Structure formats: C-alpha cells, structure tokens
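Here are a few exercises to work through with the model open in your viewer. Try each one before reading its solution.

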Amino acid sequence: MRNVRLTPREWEVLKLLSRDYSDKEIADKLFIAVGTVRWHNQNIYDKLQVNNRLQAGRAALRLGLIKFSDMA
C-alpha cells in the first residue's frame, strides 16, 4: 500500500468529498471558502494520483484510507 499523507483538513475534505458533497456544501460545513475546498481537492488528487472526485473516493477505498461505511 502506498503511503499517502494527508493533512487533517484534507482528511475532512476527502471524507465529505467521498460522500458526494459538492464543493459549496463542503465549504459551508467546514466554514471555509469554496476556493479553499478546491485547493484541498487538488492536493488530494495529486497525493492520490487521480483526476477527479470519483477516482479519489475509489483510490481512498482501495488504499484503506476510508471505509465504505464512511461514504454513506
């Protein structure tokens, strides 16, 4: 398994992203700007070596970063 190091905020964003929250919904929930969410998304994509949120969720599951129950 590849060692992926996410910041605490990236973990929060990844969990919400994998639950299919929009960038606006994530921003509202975490009290941050939508642009900041997009910045975190890009960092997550880079670290997971993926191109979009669907791939990020799948990679996170495959790598054991999140559980399927986290996505519900």
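**Exercise 1.** Find out which residues of helix α2 (residues 23-30) are buried, and work out how they sit around the helix axis.

*Solution.* Keep in mind that this is a predicted model. Start with the accessible areas, taking buried as under 20% relative accessible area. In α2, that picks out Asp 23, Ile 26, Ala 27 and Leu 30. Next, look at where they point: they span an arc of only 100° around the axis, so they lie on the same side of α2. The spacing fits a general rule: an α-helix has 3.6 residues a turn, so residues three or four places apart point the same way.

**Exercise 2.** Say what covers the buried residues of α2, then check the backbone just after the helix.

*Solution.* First, go through the contacts: the cover includes α1 (8-18), α3 (34-48) and α4 (53-62). Then step past the end of α2, where Phe 31 has a positive phi of about 60°.

**Exercise 3.** Zoom out and describe the fold and compactness of the protein chain.

*Solution.* Count elements first: the chain has four helices and zero strands, in the order α-α-α-α. Its radius of gyration is 11 Å, close to the 11 Å from the globule rule for 72 residues, so the chain is as compact as a globular protein of that length. Now take the contacts with a separation of 6 or more: 54% of them join residues 24 or more positions apart. Finally, tally burial, and you get 39% of the 72 residues.

Definitions and conventions:
Residues numbered from 1 in each chain as written. Predicted model: local features only at pLDDT ≥ 70, side-chain atom pairs only at ≥ 80, totals over all residues. Heavy atoms only, no water. Helix = DSSP H or I, 4+ residues; strand = E, 2+ residues; numbered from the N terminus. Rg over C-alpha atoms; globule rule 2.2 N^0.38 Å. Buried < 20%, exposed > 50% of the residue type's maximum accessible area, 1.4 Å probe, protein only. Contact = heavy atoms within 4.5 Å. Arc of directions from axis to C-beta.
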